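Trainee: I would like a close look at one part of this protein. Please start with the pocket and then work outward.

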Amino acid sequence: LRSFDRGEEAPATWWELDPAGGHLARVGWDKKIRVWPFRAPADAEPLIAGRNENNQLWVPVFDPTGHWIATGSGSGLTLYPLTRSFASVMRHDVRLVSEVAFGPEGRWLASCGFLGSVRVWPLEGEVPPAGRTLYGGDPADASGPVDIAVSEEDGDILVGTYQNGDVLLSLDRGPRNVLKGFREQTQGVAF
């Protein structure tokens, strides 16, 4: 049995286990993300990353391959590459990002925010290129997305919105599909 949180840091708000089984991550009230590799010695310190901001970080999410971890906050989307000896922050979306989800094979990341859109970010190359908008994009639209989930089968994206119910998006099969019977606010979605 191994202890990962010694109580020295700010209280944890979220924990996430890497699907590949290599890392454990936690986000705390101190606005930092801590990542423990399971193969490190028991007394090894975690990788600690954070940004100089006033907003709380939200749920950390690992990609299926264990190469990336992402988190959203009131200041945008932050990607941390875990395959380099020195992690760096790659920040592209500076709007509020409430949820993030990786594609089934870890080649892309989807993000959404209460006041905006659903965007897809390719994760190929040394520095990922800017994302493309699949849904929304008008910050004045009060019906923005609040949660997303990605299908492991085909990579479709299910979006829960503030006022428009659930919307199913496809990366390559045409326009969005509003799901019938889901017309109110949706706080959580899953496949």
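Which strand gives the largest share of the lining of the largest pocket?

Mentor: Strand 8 does, with four residues. Bear in mind that this is a predicted model.

Take the pocket itself. Its volume is about 380 Å³. The lining counts 18 residues. Nearest the centre of the pocket lie Val61, Phe62, Ala101, Phe102 and Glu152. Strand 8 spans 99–102. Strand 1 (12–17), strand 5 (61–62) and strand 12 (145–150) also give two or more residues each to the lining. By residue class, the lining has 13 nonpolar, three charged and two polar members.

Now follow strand 5 away from the pocket. Strand 5 pairs with strand 6 in the antiparallel sense, over two bridges. Val61, one of the residues nearest the pocket centre, has Ala70 of strand 6 as its bridge partner. The two strands form a hairpin with five residues between them. Gly66 sits in that turn, with a positive phi of about 80 degrees.

Strand 6 covers residues 68–73. Six of its six residues are buried, so the strand is largely enclosed by the rest of the structure. Check both faces. Trp68, Ala70 and Gly72 are buried on one side. Ile69, Thr71 and Ser73 are buried on the other. Strand 6 then pairs with strand 7 (residues 76–81), again antiparallel, over six bridges. Ile69 has Tyr80 as its bridge partner there. Two residues make the hairpin connection from strand 6 to strand 7.

Next, go back to the pocket and leave by strand 12. Strand 12 belongs to an open sheet of four strands, in the order 12-13-14-15, with antiparallel pairing. Strand 12 and strand 15 are the edges, and each pairs on one side only. Inside the sheet, strand 13 (residues 157–161) meets strand 14 (residues 166–169) through four bridges. Ile157 is partnered with Leu169. Val159 stands opposite Val167. Four residues separate strand 13 from strand 14 in their hairpin, and Gly165 in the turn has a positive phi of about 70 degrees. On its other pairing, strand 14 joins strand 15 (residues 177–178) over two bridges, antiparallel. Val167 stands opposite Val178 there.

This sheet also feeds the largest nonpolar core, which has 13 residues. Trp108, Val118, Ile148, Ile157, Val159 and Leu169 touch the most other members. Strand 9 (108–112), strand 10 (117–122), strand 12, strand 13 and strand 14 give two or more residues each. The largest share, three residues, comes from strand 9. Apart from this core lies another, of eleven residues, including Trp68, Phe102, Leu109 and Leu123. Two of these names have come up before. Phe102 lies among the residues nearest the pocket centre, and Trp68 is one of the buried residues of strand 6.

Look closely at Val118 in the largest core. Leaving out residues up to four places away in sequence, Val118 touches several residues, among them Ile148, Ile157, Val159 and Leu169. Its contacts also include Arg132, Thr133, Leu134 and Tyr135.

One last stop is Lys31. Lys31 has a positive phi of about 65 degrees, although it is not a glycine. Most residues other than glycine have a negative phi. Lys31 lies in the loop between strand 2 (23–28) and strand 3 (32–37). Lys31 is partly exposed, with a relative accessible area of 25%.

Conventions:
Residues are numbered from 1 along each chain as its sequence is written. This is a predicted model: local features need pLDDT of at least 70, side-chain atom pairs count only at pLDDT 80 or more; totals for chains, interfaces and linings use all residues. Side-chain values use heavy atoms; hydrogens and water are left out. On a 1 Å grid over the protein atoms alone, a cavity is a set of points where a 1.4 Å probe fits but cannot get out, and a pocket is an open set with protein on both sides within 12 Å along at least five of seven lines; lining residues have an atom within 4 Å of a point. Grid points are joined across faces, edges and corners, and a volume is the space filled by probe spheres set on the points. Ala, Val, Leu, Ile, Met, Phe, Trp, Tyr, Cys and Pro count as nonpolar, Asp, Glu, Lys and Arg as charged, and the others, Gly among them, as polar. Two strands pair if DSSP finds at least two bridges between them. Buried means under 20% relative accessible area, exposed over 50%, partly exposed in between (1.4 Å probe, protein chains only). A nonpolar core is a set of buried Ala, Val, Leu, Ile, Met, Phe, Trp, Tyr and Cys residues joined through side-chain atoms within 4.5 Å. Contact means heavy atoms within 4.5 Å.
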